[in-house]
Amino acid sequence: MISFTVMAITFGVVFLAELPDKTALAGLMLGTHYRASYVFAGVAAAFAVHVTLAIAAGSVLTLLPHRLVQAVVGLLFLAGALMLLMKKDDGDEEHIKAPADQSFWKVSGAGFMLILVAEFGDLTQIMTANLAARYDSPVSVGIGAVLALWAVAAIGIVGGRTLIRYVPLRLITRVAAGLMLGLAGLSLVEAVAG
């Protein structure tokens, strides 16, 4: 059964956490040099792979005792919030090796490989696994996470420069950290009260 509430929570948390990530900047850079639809196809496929792996990891966590899972999930959300709050903006953009030609397979392949490597074990992948463990609705978490990552990729590829002009990156990061702190608190309360 699909829960729209779980989908919305997952979408919000993952979207806000991914916006200030360097992969959004990498998508922006690829999108300025190549056809946006080709870049998006590769990036979207890579994010789908990452979410599938995260959901599988989160589903394994649900086999453990509920109180233990909630405590671990709460601590991981807390660690994620602290990582976001302590993250320094080093302004260092990833260097992407441009494909030699503009064909669909070359451009989408470059986008796929970039995201596949850059996002492995990333905060949003860990958060998705945590959300899958927290809520007993892996399909809802998966849909919410994929849609959030695709939305950030689309924003990065098509309109990232404009968004950053109007919404400070620091504000986006702090809102994401605040949401993660709230989820950490809920999970830890459930672990103690459970």
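Read along its sequence, the protein follows the pattern α-α-α-α-α-α-α-α. The model described here is a predicted one, and its secondary structure comes to eight helices and zero strands. Of the 194 residues in the protein, 44% are buried. Contacts reach well along the chain: among those between residues at least 6 apart in sequence, 92% join residues at least 24 apart.

A good place to begin a closer look is helix α1, which covers residues 4–18. With 15 residues at 1.5 Å a residue, α1 should span 21 Å, and the distance of 21 Å between its end C-alpha atoms agrees with this. The buried residues of α1 are Val6, Met7, Thr10, Val13, Val14, Phe15, Leu16, Ala17 and Glu18.

Helix α1 packs with helix α6 (residues 123–134) at an angle of about 165°, and the two axes lie 10 Å apart. Because angles over 145 degrees count as roughly antiparallel, α1 is roughly antiparallel to α6. The crossing of these two helices is right-handed. On the α1 side, the contact is made by Thr10, Val13, Val14, Ala17 and Glu18, while α6 contributes Thr124, Met127, Thr128 and Leu131. Sorted by character, the residues of this contact comprise five nonpolar, three polar and one charged. Thr10, Val13, Val14, Ala17 and Glu18, which α1 brings to the contact, are also listed among the buried residues of that helix.

The start of the chain also meets a later helix. Ser140 is found in α7, which runs over residues 138–166. With a relative accessible area of 0%, Ser140 falls under the 20% limit and is therefore buried. Beyond residues up to four places away in sequence, Ser140 touches Met1, Ile2, Ser3, Val6 and Met7. Of these partners, Val6 and Met7 are themselves buried residues of α1.

Phe120 offers a helpful counterpoint to Ser140. This residue is found in the loop between α5 (104–118) and α6. Its relative accessibility of 59% is over the 50% limit, so Phe120 counts as exposed. Even so, Phe120 has contacts beyond its neighbours within four places in sequence, namely with His50, Leu53, Ile115 and Gln125. Another residue to set beside Phe120 is Ala54: the two are 66 residues apart in sequence, and their C-alpha atoms are 9.8 Å apart in space.

Conventions:
Residues are numbered from 1 along each chain as its sequence is written. This is a predicted model: local features need pLDDT of at least 70, side-chain atom pairs count only at pLDDT 80 or more; totals for chains, interfaces and linings use all residues. Side-chain values use heavy atoms; hydrogens and water are left out. Axes are lines fitted to C-alpha atoms, for helices over the stretch in contact, and angles run from 0 to 180 degrees between N-to-C directions. Helices (H or I, at least four residues) and strands (E, at least two) are DSSP runs, numbered from the N terminus. Angles under 35 degrees count as roughly parallel, over 145 as roughly antiparallel, 65 to 115 as roughly perpendicular and the rest as oblique. A crossing is left-handed if the near helix is turned anticlockwise from the far one by less than a right angle, and right-handed if clockwise. Contact means heavy atoms within 4.5 Å. Ala, Val, Leu, Ile, Met, Phe, Trp, Tyr, Cys and Pro count as nonpolar, Asp, Glu, Lys and Arg as charged, and the others, Gly among them, as polar. The expected span of a helix is 1.5 Å times one less than its number of residues. Buried means under 20% relative accessible area, exposed over 50%, partly exposed in between (1.4 Å probe, protein chains only).
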